[in-house]
Amino acid sequence: MELIYILTYDCNFRCSYCDIKKRKQDISFEVLEKSLDFLEENNFDIKKIKFFWWEPLIKKQDIKYIINNFPKKYNSEYFITSNSTLIDDDFIKFTKEKKINLTFSIDWDNNTNQENRKLISWDSLSNKIIENTKKYSKFIRINQVITSENSKDFFKNFNFIYDLWVRKFNFLPEYYREWSKQWLINLKKWFDEILEFYRNWNNFELINLENYSKTSFFNLWLVIDTDWKIYLTNLILSWIFEKYKKDLVIWNIYDWLKVDIKDDFFIKNYIMKIENIVKKEYPNEVLKSVKYVDLILNNFCYEFK
Ligand code: SF4
């Protein structure tokens with residue numbers, strides 16, 4: 001099982017494809033402490049603890065606190081995914097000491113980034129992303145975000161990141177958007193190019209293989225939210241799902257967990273609930289085209305393996 005912490009709903013970016021309604025809704029120190037007690041009192045099979053899909057480096061101190069005080073009975077790995085702009089040597093030192101898997105999420109090249117990553121002063125940030133990726137390339141992993149629009153430059157962008165000496169890649173096609181037939185053809189073509197590149201050079205790692213999910217479109221995780229409630233999906237971060245929070249909440253950290261999250265029947269029902277929301281909120285064309293994206297990615301991962 002994976003545990004996701006939502007420590008804020010804020011980010012220093014405003015990417016065009018991001019579904020989070022950004023705002024200052026931060027976890028309090030009291031809730032943070034209580035969440036650790038809750039995890040100490042309960043027994044979950046937590047293998048991975050993840051901080052992502054808001055900007056984790058806004059909450060560096062909270063992350064340090066959690067990792068330094070996480071109940072010792074869990075022998076879990078930590079994962080942070082950041083847009084890279086707020087990283088510093090001190091935090092890198094901490095991630096090395098604690099053996100944290102650090103991922104920078106990037107679209108590359110610069111033009112592609114500028115299409116999607118919106119912020120007031122783009123130039124300085126843009127330089128920072130490239131600078132930081134290059135500076136920490138040996139240590140970090142990259143989420144290469146592939147949107148339907150930039151899929152035509154996917155292989156070119158991959159080469160751009162590769163030339164910065166990054167050697168660990170997680171390819172992340174954009175979900176919940178409609179992909180045209182031509183875009184899907186591009187995506188398949190460039191995945192084939194990457195496979196060919198790997199066959200010839202054999203010198204990068206594919207991180208996607210670590211993130212396999214049994215359910216298409218979403219993962220099932222234990223999620224602790226800023227409001228001290230517990231969910232089984234981090235889709236609640238998306239503005240589309242926020243209105244369904246009351247249906248998706250399973251418990252809160254101030255009480256003993258009274259639902260059995262290992263129970264097959266409970267999980268099956270929870271998955272059905274999410275699937276029904278997805279069907280209600282997204283046009284059929286989107287869901288249909290994204291199934292092809294999923295298939296292309298899965299086939300790529302299979303070939304890679
Ligand atoms: S960096 Fe990530 S969390 Fe921030 S706006 Fe972009 S996609 Fe959203």
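Two strands count as paired if DSSP finds at least two bridges between them. With that in mind, consider Ser82, whose bridge partner in β4 is Phe104. I should say at once that this is a predicted model.

Let me begin with the strands around that bridge. Strand β3, residues 77-82, and strand β4, residues 101-106, run parallel to each other and share 4 bridges. Helix α3, residues 89-97, joins them in a right-handed β-α-β unit. On the other side of the discussion is strand β2, residues 48-51, which also pairs with β3 in the parallel sense, again over 4 bridges. Here Ile49 stands opposite Tyr78 of β3. Helix α2, residues 60-69, completes a right-handed β-α-β unit with β2 and β3.

These strands belong to an open sheet of 10 strands, ordered β7-β6-β5-β4-β3-β2-β1-β8-β9-β10, with mixed pairing. Its edge strands, β7 at 205-206 and β10 at 249-252, each pair on one side only. An antiparallel example is the pair formed by β8, residues 222-224, and β9, residues 229-231, over 2 bridges. Within that pair, Val223 has Tyr231 of β9 as its bridge partner.

Val223 leads us to the interior. The largest nonpolar core has 57 residues, and the members that touch the most others are Tyr5, Ile6, Ile142, Leu187 and Val223. Helix α7, residues 181-201, supplies the largest share of this core, 5 residues. Leaving aside residues up to four places away in sequence, Leu187 touches Ile146, Ser151, Phe154, Pro173, Val293 and Ile296. In soluble globular proteins, nonpolar side chains tend to be buried together.

I turn now to the ligand. Which residues are around the ligand? They are Cys11, Phe13, Arg14, Cys15, Cys18, Ile20, Trp53, Trp54, Glu55, Asn83 and Ser105. This shell divides into 7 nonpolar, 2 polar and 2 charged residues.

Finally, two backbone details. Most residues other than glycine have a negative phi. Tyr176, however, has a positive phi near 60°; this residue lies in the loop between β6, residues 168-173, and α7. Trp228 likewise is not a glycine and has a positive phi of about 65°, and its place is the loop between β8 and β9. Is Trp228 buried or partly exposed? Trp228 counts as partly exposed because it has 17 C-beta neighbours inside 10 Å, whereas a buried residue would need 20 or more. Tyr176 is also partly exposed, with 17 other C-beta atoms within 10 Å.

Notes: Residues are numbered from 1 along each chain as its sequence is written. This is a predicted model: local features need pLDDT of at least 70, side-chain atom pairs count only at pLDDT 80 or more; totals for chains, interfaces and linings use all residues. A residue is near a molecule or strand if its C-beta atom, placed from the backbone, lies within 6 Å of it. Ala, Val, Leu, Ile, Met, Phe, Trp, Tyr, Cys and Pro count as nonpolar, Asp, Glu, Lys and Arg as charged, and the others, Gly among them, as polar. A nonpolar core is a set of buried Ala, Val, Leu, Ile, Met, Phe, Trp, Tyr and Cys residues joined through C-beta atoms within 7 Å. A residue is buried if 20 or more other C-beta atoms lie within 10 Å of its own, exposed if 12 or fewer, and partly exposed in between; C-beta atoms are placed from the backbone. Two residues are in contact if their C-beta atoms, placed from the backbone, lie within 7 Å. A crossover is right-handed if, with the strands pointing away from the viewer, the path from the first strand over the helix to the second runs clockwise.
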